[in-house]
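Work through these exercises with the sequence and the structure open. Try each task before you read its solution.

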Amino acid sequence: MSINLQQLSEDKSYNKHEENINDFWKRINVYNKLNKKHENDELFRFVDGPPFCNGSLHYGHALVSMVKNTILQYQHMHNKKTLNKLGY
């Protein structure tokens, strides 16, 4: 499958660009295709408790979320079936 990438316009409405990209991903069903590609691969997941249960949000919450997401993305790129859901 080849994808024809287009140059972004000079328009700086990034929210609209993000919506267009999300619409494209939905149109080509990318999420389900990725899940199907990895359906028989080894499962990698975090067993994670409820999000933000210990008080108000702070920098540490964002940091932990970014680290977990980075690890999951890395595992996914190395042919693991990953599940990224908060909570039990």
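**Exercise 1. Contacts along the chain**

Task: In this predicted model, what share of the contacts between residues at least 6 apart in sequence join residues at least 24 apart?

Solution:
- Start with the contacts between residues at least 6 apart in sequence.
- Of these, 68% join residues at least 24 apart.

**Exercise 2. Elements and surface**

Task: How many helices and strands does the protein have, and in what order do the elements run?

Solution:
- Count the elements: there are 3 helices and 2 strands.
- Read from the N terminus on: the order is α-α-β-α-β.
- Now turn to burial. The protein has 88 residues, and 10% of them count as buried.
- Then take the surface. The accessible area is about 8000 Å², and carbon and sulfur atoms hold 56% of that.

**Exercise 3. The span of a helix**

Task: What span should helix α1 have at 1.5 Å a residue, and how far apart are its end C-alpha atoms?

Solution:
- Helix α1 covers residues 14-28, which is 15 residues.
- The expected span is 1.5 Å times one less than the number of residues.
- For α1 this gives 21 Å.
- The end C-alpha atoms of α1 are 21 Å apart, so the two values agree.

**Exercise 4. Two asparagines with positive phi**

Task: Where do Asn29 and Asn79 lie, and is each buried or partly exposed?

Solution:
- Recall the general rule: most residues other than glycine have a negative phi.
- Take Asn29. Its phi is positive, near 60°.
- Asn29 follows α1 and sits in the loop between α1 and α2.
- The relative accessibility of Asn29 is 35%, so Asn29 counts as partly exposed.
- Take Asn79. Its phi is also positive, about 60°, although Asn79 is not a glycine.
- Asn79 belongs to the loop between α3 (59-77) and β2.
- At 47% relative accessibility, Asn79 counts as partly exposed.
- The cut-offs explain both labels: partly exposed lies between under 20%, which is buried, and over 50%, which is exposed.

**Exercise 5. The cavity**

Task: Which residues line the largest cavity, and how do they divide by type?

Solution:
- Count first: the structure holds 1 cavity of 30 Å³ or more.
- The volume of the largest cavity is about 30 Å³.
- List its lining: Leu34, Asn35, His38, Glu39, His76, Lys81 and Thr82.
- Place them: α2 (30-37) and β2 (81-83) are the elements that give two or more residues to this lining.
- Sort them: 1 is nonpolar, 4 are polar and 2 are charged.

Definitions and conventions. Residues numbered from 1 in each chain as written. Predicted model: local features only at pLDDT ≥ 70, side-chain atom pairs only at ≥ 80, totals over all residues. Heavy atoms only, no water. Helix = DSSP H or I, 4+ residues; strand = E, 2+ residues; numbered from the N terminus. Buried < 20%, exposed > 50% of the residue type's maximum accessible area, 1.4 Å probe, protein only. Contact = heavy atoms within 4.5 Å. Areas by Shrake-Rupley, 256 points an atom, 1.4 Å probe, with all protein chains shown as cover. 1 Å grid on protein atoms, 1.4 Å probe; cavity = no way out; pocket = protein on both sides within 12 Å on 5 of 7 lines; lining within 4 Å. Points joined across faces, edges and corners; volume = space filled by probe spheres on them. Nonpolar A, V, L, I, M, F, W, Y, C, P; charged D, E, K, R; others polar.
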